Amino acid sequence: MLPAAALLLVFLTYPLGLGVWLGFTDARIGRPGIFIGLENYEYLWDDSVFWLSVFNTLLYTVSASILKFVLGLWLALLLNENLPVKSFFRAVVLLPWVVPTVLSAIAFWWIYDSQFSIISWALIEMGIIDQRINFLGDPTNARASVIAANVWRGIPFVAITLLAGLQTIPQSLYEAATLDGASRWQLFRYVTLPLLTPIIAITMTFSVLFTFTDFQLIYVLTRGGPVNATHLMATLSFQRGISGGLLGEGAAIAVAMIPFLLAAILFSYFGLQRRKWQQGGGD
């Protein structure tokens with residue numbers, strides 16, 4: 001266990017502790033700074049841009065996570081059927097996940113381009129719209145666009161993980177329920193969903209963590225614009241701490257993300273507790 005513990009200590013515990021400490025200082029790039037207590041947090045409390053980034057982060061995380069779960073579960077159920085060449089389809093589904101995030105972001109940046117967007121071109125050719133859509137220049141459109149890009153990247157992870165969970169459910173349970181007259185919805189409601197709940201809890205916990213801490217996709221597509229409409233806490237922390245040189249303030253924003261991440265971990269914990277109940281264990 002020592003090598004693993006050493007890696008966690010060097011690459012996780014130390015950076016976390018350093019970030020917490022920097023949040024209590026006025027450190028800047030080039031100088032260490034001095035201890036100033038809660039001044040960084042007091043400043044952020046009255047900072048409208050910070051609260052906008054909190055709202056954007058929650059909207060981004062909740063919307064993208066729900067869409068990834070619904071579409072990922074539907075895709076997993078589809079891939080679990082006896083389809084021809086289903087191994088090929090399972091491999092293709094993984095492509096959005098294995099492609100580097102920056103490459104995906106660049107591709108979406110081209111798709112959303114104000115002048116050369118293939119979406120706008122297709123809709124104009126079909127006569128649905130008469131002018132190009134300003135995907136990344138309008139605040140509402142920009143939020144929807146980055147959420148769509150994140151959903152596209154995250155669906156494979158959810159789908160393949162839930163598919164693995166579906167493969168562990170005994171077919172005898174479906175056969176017994178079918179003999180009792182259960183419909184397809186009842187099979188899903190009373191057999192599939194209860195037995196899949198622990199996998200859903202863990203999968204969605206990781207999905208929420210990945211989405212909440214997303215940085216590359218937003219930074220490449222919008223860098224937080226327009227007018228901070230897509231700034232997440234992670235991108236704002238980078239902008240203030242690295243680009244702006246205010247390490248203390250940037251660290252404080254990053255530390256403010258911890259309570260939300262802990263909430264996601266507690267969600268996974270209660271999901272595992274339900275697993276104990278399903279297996280006949282105590283509360």
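This passage describes the fold, the record annotations, and the empty spaces of a predicted model.

The overall architecture is a good place to begin. The protein chain contains 14 helices and zero strands, and reading along the sequence therefore gives an unbroken run of helical elements, α-α-α-α-α-α-α-α-α-α-α-α-α-α. Along the principal axes, the C-alpha atoms occupy a box of roughly 70 × 60 × 35 Å. Of the 283 residues in the protein chain, 37% count as buried.

The UniProt record, an unreviewed entry, helps to orient the reader. It places a feature named "domain: ABC transmembrane type-1" at residues 54–270. In the model, that span is 75% helix and 0% strand, with its end C-alpha atoms 25 Å apart. The record also assigns "transmembrane region" to residues 49–79, 91–112, 144–166, 187–212 and 251–272. Two of these spans can be set beside the model. Residues 91–112 are 82% helix and 0% strand, and their end C-alpha atoms are separated by 27 Å. Residues 187–212 are 100% helix and 0% strand, with end C-alpha atoms 33 Å apart.

Helix H3 (48–79) deserves a closer look. With 32 residues at 1.5 Å a residue, H3 should span 46 Å, and its end C-alpha atoms are 45 Å apart, so the expected and modelled values agree. At the start of H3, a side-chain oxygen of Asp47 comes to within 3.1 Å of the backbone nitrogen of Val49. Further along, Thr57 is also part of helix H3. Thr57 counts as buried because its relative accessibility is 1%, under the 20% cut-off. A polar atom of the Thr57 side chain lies 2.6 Å from the backbone oxygen of Ser53. As general background, an α-helix has 3.6 residues a turn, so residues three or four places apart point the same way.

Where is empty space left inside the model? Rolling a probe the size of a water molecule over the atoms shows where such space is left. Searching the whole structure for cavities of 30 Å³ or more yields one, and the largest cavity has a volume of about 60 Å³. Its lining is formed by Asn56, Leu59, Tyr60, Arg143, Val146, Ile147, Ile218, Ala229, Thr230 and Leu232. Helix H3 and helix H8 (139–167) each contribute at least two residues to this lining. By class, the lining comprises seven nonpolar, two polar and one charged residues.

Among these lining residues is Arg143, which lies in helix H8. With a relative accessibility of 21%, Arg143 counts as partly exposed; the cut-off for buried is under 20%. The C-alpha atoms of Arg143 and Gly224 are separated by 9.9 Å, although these residues are 81 residues apart along the chain.

Turning to open spaces, the largest pocket holds about 590 Å³. It is lined by 24 residues, and Pro15, Leu16, Gly19, Ala254 and Val255 lie nearest its centre. Two or more lining residues come from each of helix H1 (2–22), H12, helix H13 (247–255) and helix H14 (258–278). H1 provides the largest share of this lining, eight residues. The lining of the largest pocket divides into 18 nonpolar, six polar and no charged residues.

Helix H12, one of the contributors to that lining, covers residues 233–243. Its buried residues are Met233, Ala234, Thr235, Leu236, Ser237, Arg240 and Gly241. After H12 comes Gly245, which has a positive phi near 80 degrees.

The second largest pocket contains about 510 Å³ of space. Of its 15 lining residues, Leu77, Asn80, Glu81, Tyr174 and Arg184 lie nearest the centre. H3, H8, helix H9 (171–179) and helix H10 (184–212) each supply at least two residues of this lining, and H10 gives the most, with five residues. Here the lining divides into eight nonpolar, five polar and two charged residues. H3 and H8 thus appear in the lining of the largest cavity as well as in that of the second largest pocket.

Technical notes: Residues numbered from 1 in each chain as written. Heavy atoms only, no water. 1 Å grid on protein atoms, 1.4 Å probe; cavity = no way out; pocket = protein on both sides within 12 Å on 5 of 7 lines; lining within 4 Å. Points joined across faces, edges and corners; volume = space filled by probe spheres on them. Helix = DSSP H or I, 4+ residues; strand = E, 2+ residues; numbered from the N terminus. Nonpolar A, V, L, I, M, F, W, Y, C, P; charged D, E, K, R; others polar. UniProt positions renumbered as here; feature names shortened; annotations may be inferred. Buried < 20%, exposed > 50% of the residue type's maximum accessible area, 1.4 Å probe, protein only. Expected span 1.5 Å × (residues − 1). Polar contact = N/O pair within 3.5 Å; in protein donor to acceptor, adjacent residues only side chain to side chain.
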